Amino acid sequence: MLDPSSFIKESIDKIKKTIGDKKAIIALSGGVDSSVSSVLVSNAIGNNLTAVFVNHGLLREGEADYVKETFQNRLNLKYVDASNEFLDELEGVEDPEEKRKIIGEVFIRVFEREAEKIGADYLVQGTIAPDWIESDGNIKSHHNLALPHGMVLEIVEPIRELYKDEVRILGREMGLPDGIVNRQPYPGPGLAVRIVGKITRQKIEICRKTNAIVEEEVEKVGLDKTLWQYFAVLTNTKVTGVKGDMRDYGYLIVIRMVESLDAMTADVPKLPWELVKTISKRVTAEIPEVTHVALSVSDKPPSTIEFA
Ligand code: XMP
């Protein structure tokens, strides 16, 4: 059983010894793993850690402001709005794996620029136990990351032995807000894996607004406490609807809500019908580009949690 206060104390000592007065950098996403790692290392080495929060233009509604507000007084935070850089490179791309590859590459490019500016020697990562257990122990505790331009950063993984529930306990102990500690998992490539087909700025807006309605309604009825993930997917299908007396032609949205323990398998639970209807009514009333809302009822397997 994890004793959070002694874990924190021992980690801080270890990090101080490892990094000393050198500079470190971490990519902060606002997810619980990178948030806890950032605060832990910052408690050890203060402003010698720079936490870089990259806005790739595929964040959820209000996410950038929330992360900035939460961490700007706790960390040496560097906010980088690189959304145009990401979205320009994603233009016209349909294949989900290609989208992920581009986002990964642009992310490294943006992050590397920041690491060079800072003169970082260490890269802190929020790796947790399932990350390396699932990758066959591939991630070693002491390895170096060579970035494309020849920079070599020593890697520090302060929570690599912990499981998600333990990371949440640490987060609570360190005074992180509920919105961070209990945040639903959100994929690194963000809305890119929830927009089927080509990504455009208009589609991002539709997906973002729809997703915000789903999150708001799920949280209103308290189901966020039991669901693993709940979100909206913008399909590439346009369907006919009616607005007033006119036939209308708009997007088909799919709502997906799953229960899971580790994302390896997932079930769609029995959902309150009122919730589903409220979401559907709000989405079609508030987002003119959408004519139809469908509910996904497929478990994983055979489906994946994300659509792309
Ligand atoms: P799937 O869709 O494979 O997702 O059932 C399993 C879990 O992984 C998340 N996911 C990702 N996370 N980058 C990430 O950081 C990705 O490219 C990615 N794809 C899926 C997904 O949200 C779910 O929690």
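Is Arg 100 buried, partly exposed or exposed? Hold that thought for a moment, and keep in mind that what's on the screen is a predicted model.

Okay, the overall picture. The protein chain has ten helices and nine strands. The C-alpha trace spans about 70 × 40 × 40 Å along its principal axes. For 308 residues, a compact globule would come out with a radius of gyration near 19 Å, and the protein chain has 21 Å, which agrees. Half the chain is tucked away, too: buried residues make up 50% of the 308. And if you take contacts with a separation of 6 or more, 72% of them are between residues 24 or more positions apart.

On the surface side, the accessible area is about 15,100 Å², with 50% of that belonging to carbon and sulfur atoms. For the electrostatics people, I count 39 positive and 49 negative side chains, and the centres of those two sets lie 2 Å apart.

Now back to Arg 100. Arg 100 sits in helix α5, and the answer to my opening question is partly exposed, because its relative accessible area is 28%, between the 20% and 50% cut-offs. Leaving out residues up to four places away in sequence, Arg 100 touches Pro 189, Val 193 and Ala 308. From Arg 100 to Gly 188 you go 88 residues in sequence, yet the C-alphas are 8.8 Å apart.

The helix itself, α5, runs over residues 96-118. From first C-alpha to last, its 23 residues reach 33 Å, close to the 33 Å you'd expect at 1.5 Å a residue. Its buried residues include Ile 102, Ile 103, Val 106 and Val 110, but also some charged names: Lys 99, Glu 112 and Glu 114 are on that list. As a reminder, an α-helix has 3.6 residues a turn, so residues three or four places apart point the same way. And what do the buried residues of α5 pack against? Three strands early in the chain, β1, β2 and β3, plus helix α4 and strand β4. Just after the helix, Gly 119 takes a positive phi of about 75 degrees.

Helix α2, residues 32-45, makes a nice companion. Its 14 residues reach 20 Å, close to the expected 20 Å. Here 13 of the 14 residues are buried, so α2 is largely enclosed by the rest of the structure. Again there's a glycine just after the helix: Gly 46, with a positive phi of about 60 degrees.

Let me finish with some backbone oddities. Most residues other than glycine have a negative phi, and most peptide bonds are trans. Ala 263 has a positive phi of about 70 degrees although it is not a glycine. You'll find Ala 263 in the loop between β8 and α10, and at 23% relative accessibility it counts as partly exposed.

Then there are the prolines. The bond joining Lys 300 and Pro 301 is cis, with omega about -15 degrees. The peptide bond from Pro 301 to Pro 302 is cis as well, with omega near 10 degrees. Pro 301 falls in the segment after β9, and so does Pro 302.

One more proline: Pro 130, in helix α6. Pro 130 is partly exposed at 22%. Setting aside neighbours within four places in sequence, Pro 130 is in contact with Leu 162 and Tyr 163.

Technical notes:
Residues are numbered from 1 along each chain as its sequence is written. This is a predicted model: local features need pLDDT of at least 70, side-chain atom pairs count only at pLDDT 80 or more; totals for chains, interfaces and linings use all residues. Side-chain values use heavy atoms; hydrogens and water are left out. Helices (H or I, at least four residues) and strands (E, at least two) are DSSP runs, numbered from the N terminus. The radius of gyration is taken over C-alpha atoms; the globule rule is 2.2 Å times the number of residues to the power 0.38. Buried means under 20% relative accessible area, exposed over 50%, partly exposed in between (1.4 Å probe, protein chains only). Contact means heavy atoms within 4.5 Å. Accessible areas come from the Shrake-Rupley method with a 1.4 Å probe; for residues, only the protein chains shown count as cover. Lys and Arg count as positive and Asp and Glu as negative; His and the chain ends are not counted. The place of a charge is taken as NZ of Lys, CZ of Arg, CG of Asp or CD of Glu. The expected span of a helix is 1.5 Å times one less than its number of residues.
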